[in-house]
Amino acid sequence: MIDFFAEILAQDFMVRALTGGALVGVACAMLGVLVFQRGITFVGDGLAHSMFGAAGIVALLNVAVASSSDFIWTALPLNILVGFGMAWVRRTGKLRGDAAIGILFPIMFAAGVLCLALRRNSGAPPINMEALLFGSVLGMTPEDLVITAGGAVVIAVIALTWGRRIAYAAFDPELAAMSGVRVALAEYALFGLCAAVVAFSMRLAGVVLVSSLLAIPAGAASLWRGSYGWQLLFASVFASASVKIGLILAYWIDVPSGAMIVLTMGALFFIATVVRAVTTGFMVVWAPNARR
Amino acid sequence: MSADTRMSANQNIGSPGSSPHASPAIDVRGMSLVIAGRGILNDINFILERGEFLCICGPNGAGKTMLLKAMLGLIQPTLGSVALLGKTPREGRKHIGYVPQRKNFDRMFPARVVEVIAAHLSGAWPLVVSRDARDKAAAALRIVGGEHLLEKELRDLSGGELQRAFLARALVADPEILILDEPMAGVDAKGISDITSLLDGLAKQRRLTVVMITHSLEVVEHCATKVIFMESGKIMAWGNPVDVLHDPRVRETAFTGHDHEHAITSGSGEY
């Protein structure tokens, strides 16, 4: 067993994947708690698919996509704009929030597919669709690691500091406004941060799986009755452990890393649910509103 | 309705220069509010001096809650202006303690009473509650007789306990104005008596300006120094409690049933 871990740590690409993956996982988990408390978990899925569309558009325009990290910088502003658009629709009440996401989600995804096909037809070098859809954290270059880790750390720091205002607005926007929180700004910031964390997480889990990084750790943390700070800590540890275990399992079994990470999260969530149920009674977990 | 309490909607209650202070506690001028083509408030004017205890009464749908929200700047009035302590509503909010009628907070949010009060002090949700914030929260809860609630989660509290917790939150920053929307809703008879005595005592001891929406005749008679009677988005009567309550129509329409207008208007805030 020791030889196995020594072998893993001797591989530069695994060290980069474990480091970058854990940091991105923690950033996603922290934002996930905010998103979960705001009741907009579906936003992660919508913005991930929007990121695919944004990546397709910049690939078609042939804007600096020499390396995969370039996708982050070129598609990120577009994705943040989409996030702001979703927040605007929610706030103005033009459509229900999830309806806006449901409309933008397939349109942006279809735009991505179309743009990548047009790029291929034009004779430009092909884009690795599988990496966009399912992630490719094991192919992370040192430059990718710096960008991904840097973005993750910045987002995590914002979540821990300014994010506390977003959390207050998630608790009760009216009371938060009375305490000096600019609730509209907090809402736009939440969607903008989600768009950014999704962009930085594409390497780890890809379009299809990235929303799980936001939803599962936060969902697991919510099983316990702890403070908001405790939930952030639990979700972060949960995400970091899941990413590392998933990556090691993926290396060991030789299967795609993104899928293995998400399945590990799912398994740990199930274990957390069972532990919670055993310690507090099944009804509390699976039927909290049932009459007892 | 007696002549001295009857007023037209466009009549000022006081003149801007009549206050002995530099600025009155609340100065509302020509406020109208239209939502989706429906007139909610119609040309509201009044000036409330500091240290007054104002009770706003009226039947369901009169616009009482919307008047409070517009005063606080939580909703932008279509016309008119509001000054709180001579400042804009956004600037004046920091000097105001507010207790909403319906507690719209997310029941699944992991919120303890001490955190709700600490969040009001810092303007952000605490990751860890500081000793200073905890001491202030405990002191505020002691005032309202709820010191045992400090570490409790909000979702575990009864209606009366919630009101005490939110009242402590409103008092913790030492406000100059206390604004309460139906603070007796969901509170039992003893709780109503306790809160009434508490508010009356606070108003007198601290010279707090209090604005309260209520359907309780007992509370108005016990606490109020001024009363506004609203109907259909207009101020129909204003004055001393004895004068306003003398009108049988006020007594018949303002103090029966419960206030459901919030159900119509909740969620329409522009924070």
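In what order do the three strands of the open sheet in chain B run, and is their pairing parallel or antiparallel? In this predicted model, the order is β2-β1-β4, and the strands pair in the antiparallel sense. The edges of the sheet belong to β2 (38-48) and β4 (79-84) of chain B; each has a single partner strand, so one side of each is left without a neighbour in the sheet. On average, and with direction ignored, neighbouring strands here are turned by 20 degrees against each other. Zooming in on one pair, β1 (residues 26-35) of chain B and β2(B) run antiparallel over seven bridges. Within that pairing, Val34(B) sits opposite Gly39(B) of β2(B).

Chain B also has parallel pairing, and β7(B) is a handy place to look at it. This strand covers residues 209-213, and five of its five residues are buried. The cover extends to both faces: Thr209(B), Val211(B) and Ile213(B) are buried on one side, while Val210(B) and Met212(B) are buried on the other. As background, side chains in a regular strand alternate between the two faces of the sheet. One partner of β7(B) is β3 (residues 53-57) of chain B, paired in the parallel sense over four bridges, with Leu54(B) opposite Val211(B). Another is β6 (residues 177-181) of chain B, also parallel, over five bridges. There, Ile177(B) has Thr209(B) as its bridge partner. Taken as a whole, chain B holds 10 helices and nine strands. Of its 271 residues, 48% count as buried. For contacts in chain B with a separation of 6 or more, 70% link residues 24 or more positions apart.

Chain A is a helical affair, with 13 helices and zero strands. Its C-alpha trace spans about 65 × 55 × 30 Å along the principal axes. How does that sit with a simple globule estimate? A compact globule of 292 residues would have a radius of gyration near 19 Å, and chain A agrees, with 19 Å. Buried residues make up 53% of the 292 in chain A. Among contacts in chain A with a separation of 6 or more, 76% join residues 24 or more positions apart.

Next comes the packing. The largest nonpolar core has 192 residues, and the members that touch the most others are Ala27(A), Leu31(A), Met51(A), Cys194(A) and Ala235(A). Helix α10(A) gives this core its largest share, 26 residues. In soluble globular proteins, nonpolar side chains tend to be buried together. Met51(A) is worth a closer look: leaving aside neighbours within four places in sequence, Met51(A) is in contact with Ala75(A), Asn79(A), Val198(A), Ala199(A), Met202(A) and Val207(A).

That leaves the contact between the two chains, which takes 24 residues from chain A and 24 residues from chain B. On the chain A side, α8 (163-171), α9 (173-178), α10 (183-222) and α11 (228-253) each supply at least two residues. The largest share there, six residues, comes from α8(A). Sorted by type, the residues of chain A that touch chain B are 12 nonpolar, seven polar and five charged. Helix α10(A) thus turns up in two settings: α10(A) supplies at least two residues to the side that touches chain B, and α10(A) also contributes 26 residues to the largest nonpolar core.

Conventions: Residues numbered from 1 in each chain as written. Chains lettered and ligands numbered in written order. Predicted model: local features only at pLDDT ≥ 70, side-chain atom pairs only at ≥ 80, totals over all residues. Rg over C-alpha atoms; globule rule 2.2 N^0.38 Å. Buried ≥ 20, exposed ≤ 12 C-beta atoms within 10 Å, placed from the backbone. Contact = placed C-beta atoms within 7 Å. Pairing = 2+ DSSP bridges. Axes fitted to C-alpha atoms, helices over the stretch in contact; angles between N-to-C directions. Nonpolar A, V, L, I, M, F, W, Y, C, P; charged D, E, K, R; others polar. Core = buried A, V, L, I, M, F, W, Y, C linked by C-beta atoms within 7 Å.
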